[in-house]
Amino acid sequence: MLLEGAINALGKVGLMLNVEKTNLAAVIAVLPALKNPTISTLSDDRWLAVNTILDELTVRTIIPRLKEAGAQGIVEYPLNKIVM
């Protein structure tokens with residue numbers, strides 16, 4: 001299972017970002033996701049945190065589009081395993 005999870009993670013990265021609720025639909029429209037992005041509320045209820053997994057090759061084109069859609073605090077991080 002763990003080996004399969006490591007294989008599943010090859011070529012994938014995690015992306016997390018913050019977005020105002022008013023811009024959420026525009027940000028979601030840009031994001032490809034493994035299934036659906038995780039959306040959490042922040043301490044300021046006008047803002048949301050969005051987490052997703054995507055192909056590493058698409059990050060270069062997606063991050064500028066996310067900024068244009070209103071995303072802030074964008075963090076890309078490597079993945080070791082994706083256990084499904």
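**Fold and long-range contacts of the protein chain**

Among contacts in the protein chain with a separation of 6 or more, 74% are between residues 24 or more positions apart. That figure comes from a predicted model, as does everything that follows.

The overall layout comes next. The protein chain has three helices and four strands, and reading from the N terminus the order is α-β-α-β-β-α-β. The radius of gyration works out at 13 Å, close to the 12 Å that the globule rule gives for 84 residues, so the protein chain is as compact as a globular protein of that length. Along the principal axes, the C-alpha trace spans about 40 × 25 × 20 Å.

What about the surface? Buried residues make up 30% of the 84 residues. The accessible surface of the protein chain adds up to about 5500 Å², and carbon and sulfur atoms hold 55% of that area. As for charge, the chain carries 8 positive and 8 negative charges, and the mean positions of these two sets sit 2 Å apart.

On to the strand pairing, where β1 has two partners to look at. Strand β1 covers residues 12–20 and runs antiparallel to strand β3, residues 47–55, with nine bridges joining the two. Within this pairing, Gly 14 of β1 is found opposite Ile 53 in β3. Strand β1 also pairs with strand β4, residues 72–78; here five bridges join the strands, and the direction is again antiparallel. One of the paired positions is Asn 18, whose bridge partner in β4 is Gln 72.

The helix side of the picture can be followed through a single residue, Ile 63, which lies in helix α3, residues 59–69. Is Ile 63 buried or partly exposed? With a relative accessibility of 25%, Ile 63 counts as partly exposed, because the buried class is reserved for values under 20%. Leaving aside residues up to four places away in sequence, Ile 63 touches Leu 15, Ile 74 and Glu 76. Leu 15 falls within the residue range of β1, while Ile 74 and Glu 76 fall within that of β4, so these contacts, with heavy atoms within 4.5 Å, link helix α3 to both of those paired strands. Ile 63 can also be placed relative to Val 30: the two are 33 residues apart in sequence, yet their C-alpha atoms are 9.2 Å apart in space.

Technical notes: Residues numbered from 1 in each chain as written. Predicted model: local features only at pLDDT ≥ 70, side-chain atom pairs only at ≥ 80, totals over all residues. Heavy atoms only, no water. Rg over C-alpha atoms; globule rule 2.2 N^0.38 Å. Buried < 20%, exposed > 50% of the residue type's maximum accessible area, 1.4 Å probe, protein only. Areas by Shrake-Rupley, 256 points an atom, 1.4 Å probe, with all protein chains shown as cover. Lys, Arg positive; Asp, Glu negative; His and termini not counted. Charge placed at Lys NZ, Arg CZ, Asp CG, Glu CD. Pairing = 2+ DSSP bridges.
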